[in-house]
Amino acid sequence: MKILLTGATGYVGGRLLKAFEEGNYSVRCMARKPEYLAKRVAARTEIVGGDALRYATLPAALKGTDVAYYLVHSMGSAGNFEEDDRIAAANFGRAAAECGVGKIVYLGGLGEEGRELSSHLRSRHEVSKILRNHKVPVVEFRASIVIGSGSLSFELVRALTERLPVMIAPRWVSVPTQPIAIEDIIAYLVAAAGLPVKESRVFEIGGADVVSYGEIIKEYASQRRLRRVIMSVPVLTPRLSSLWLGLVTPIYARVGRKLIDSLRNPTVVRDTSALNVFQIRPRGIREAISRALENEDHEFAVTRWSNALSSSSNTRIWGGRRFGTRIVDSRTMEVALDRTSVFAPVRRIGGKTGWYYADWLWTLRGFVDLILGGPGLRRGRRNPESLVPGDHVDFWRVEAFEPDHLLKLASEMNLPGRAWLEFEVSRAATGSIIRQTAIFDPLGLSGLLYWHSLYPLHKLVFAGMLRGICRTAARKVNDRAA
């Protein structure tokens, strides 16, 4: 059986990929940026380039596959995510039919048909219908919120509960939901690979308990031995709630607004046929949170929602128009240290380590980015010691990484243009040379005004950061010598 997996850079897709590799399946991953997966997959896993929004890239990825997993969504998109979802689903369904794929497995969302669904849940149901319009059977799982270390919902609950002894909460904290553990989601998805189907099927899946968000928060607090008070008020709109969440949780405003808009809809299993078809008995909320906490206590989860490329909100195509001539700010320093020592602080940049100079300015810039709907600094790093292409580093994304030599970061901030920050370490006669390069590709006049108005501040921060990196490298070497 040959499996095509989309969304392998995302939260569920990344876990599913590991499950397939451990189960010795033959897997092909399709990704918009294949290089982001190169360091994350087993040697036998195939990686191909493809984008569901570009039909021409799909046949090569789907050809010769028996089962195609469709884990694509555009909730993080800065534009019309519903239209993007329609186009992507239509392209994928058509290509799967033309390539003779045996079936499509799709992960959607619970939400009662006929009710006034949020735009996110409505789009999830619409994608299902579009996929079924083609001649390939679709196995669809409709799930409620997912509980697992690094999941969007769990990080929301964890951050709220850990940081706020008293919570003034909107009405969505009392809406019923049936959360499911990430391990159970993966079990269902893996089992679907071998499920014989001649026509499309929809399975509603959820955990063993029906609870509210407020009850999830209380269960989390109980397991962490925290005392928390929840006060529900009706005046917090989705927009105000999302901005508030951006201040106290890792979920920035744009995704937070779409998530909260969905939380007003009950997401409870009404059709229990999945329990008859699959030999899977999902966990209750207590065990789901306990398992998530076990992994969350480590520095990083196996996968995290913000690893997904969609978590960038596509801010690098700000305004949807052409970009101008790139502006380059480059500076170097020579230090009497070997390349490994000089590169070590670069490798650890961002997250809890910080940016080696004027961290309060980086925090202020992150706060402004959150208010504008960007990711801000809340995402941190996946791993404090190592990086691979595709990792997020605060509001940057690792575009290239070569140990002891190169780190290139692409900005995912809300900017009137595109930006990159690059560090390159090379050998010198008496040690090493580190080159730091900031690149800005402005969008029209607004981009030029942005860059030149902030250039004195940029110059101060970038120069200070380079000096800070070199001082840190020298101090670490001296500490080891002592």
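Trainee: Why is G447 called buried in this model?

Mentor: The model is a predicted one, so every value here is computed from it. G447 has a relative accessible area of 0%, and buried means under 20%. The value is under the cut-off, so G447 counts as buried.

Trainee: Where is G447 found, and what does it touch?

Mentor: G447 is found in helix α14. Leaving aside residues up to four places away in sequence, G447 touches P416, F440 and P442. The C-alpha atoms of G447 and G417 are separated by 5.8 Å, although the two residues are 30 apart along the chain.

Trainee: F440 appears among those contacts. What kind of aromatic pair do F440 and Y450 form?

Mentor: Their ring centres are 5.7 Å apart and the planes make an angle of 40°. Rings pair if their centres lie within 6.5 Å, and planes that are neither under 30 degrees apart nor over 60 count as tilted. The distance passes and the angle falls in the middle range, so the pair is called tilted.

Trainee: Which parts does that pair tie together?

Mentor: F440 lies in strand β19 (residues 431-442) and Y450 in helix α14 (residues 444-481), so the pair ties together parts that are 10 residues apart in sequence.

Trainee: Are F440 and Y450 buried or exposed?

Mentor: F440 has a relative accessible area of 2% and Y450 has 19%. Buried means under 20%, so both values qualify.

Trainee: What makes the pair of F154 and Y220 edge-to-face?

Mentor: A search of the whole structure finds 18 aromatic pairs. For F154 and Y220, the ring centres are 5.9 Å apart and the planes stand at 65°. The distance is within 6.5 Å and the angle is over 60 degrees, so edge-to-face is the right term. This pair links distant parts of the chain: F154 is in helix α5 (residues 152-163) and Y220 in helix α7 (residues 213-223), 66 residues apart.

Trainee: How do you know whether F154 and Y220 are buried or exposed?

Mentor: F154 has 1% relative accessibility, and Y220 has 1% as well. Both are under 20%, therefore both count as buried.

Trainee: Why is α5 described as mostly covered?

Mentor: Of its 12 residues, 9 are buried. Among them are L152, F154, L156 and L160. As for its length, α5 reaches 17 Å from its first C-alpha to its last, close to the expected 16 Å.

Trainee: How do you know that the span of α13 agrees with expectation?

Mentor: At 1.5 Å a residue, its 13 residues should span 18 Å, and the end C-alpha atoms are 19 Å apart, which agrees. The buried residues in α13 include L361, W362 and L370. After α13 comes G373, with a positive phi near 95°.

Trainee: What makes C99 partly exposed, when C470 is called buried?

Mentor: Partly exposed covers values between the 20% and 50% cut-offs, so C99 belongs there at 23% relative accessibility. C470 has a relative accessible area of 7%, which is under 20%, so it is buried. A search of the whole structure finds 0 disulfides.

Trainee: What makes you say that the charged end of R94 sits over the ring of Y55?

Mentor: That charged end is 3.8 Å from the ring centre. The distance cut-off is 6 Å, so the value is within it.

Trainee: Which residues and elements build the largest nonpolar core?

Mentor: The largest nonpolar core has 38 residues, and those with the most contacts inside it include W355, W396, L407 and F423. Elements giving two or more residues to this core include β14 (327-335), α13 (359-371), β19 and α14. The most comes from α14, with 9 residues. L407 touches F343, L421 and F423, among others, not counting residues up to four places away in sequence. Apart from this core lies another, of 37 residues, including V105, I186, Y188 and V190.

Trainee: Y188 is in that second core. Which rings are linked with Y188 into a cluster?

Mentor: Ring pairs link Y188 with F141, F203 and F278.

How values were computed. Residues are numbered from 1 along each chain as its sequence is written. This is a predicted model: local features need pLDDT of at least 70, side-chain atom pairs count only at pLDDT 80 or more; totals for chains, interfaces and linings use all residues. Side-chain values use heavy atoms; hydrogens and water are left out. Rings of Phe, Tyr and Trp (its six-membered ring) pair if their centres lie within 6.5 Å; planes under 30 degrees apart count as stacked, over 60 as edge-to-face and the rest as tilted. Helices (H or I, at least four residues) and strands (E, at least two) are DSSP runs, numbered from the N terminus. Buried means under 20% relative accessible area, exposed over 50%, partly exposed in between (1.4 Å probe, protein chains only). A charge sits over a ring if NZ of Lys or CZ of Arg is within 6 Å of the ring centre and within 35 degrees of the ring normal. A disulfide is a pair of cysteine sulfur atoms within 2.5 Å. The expected span of a helix is 1.5 Å times one less than its number of residues. A nonpolar core is a set of buried Ala, Val, Leu, Ile, Met, Phe, Trp, Tyr and Cys residues joined through side-chain atoms within 4.5 Å. Contact means heavy atoms within 4.5 Å.
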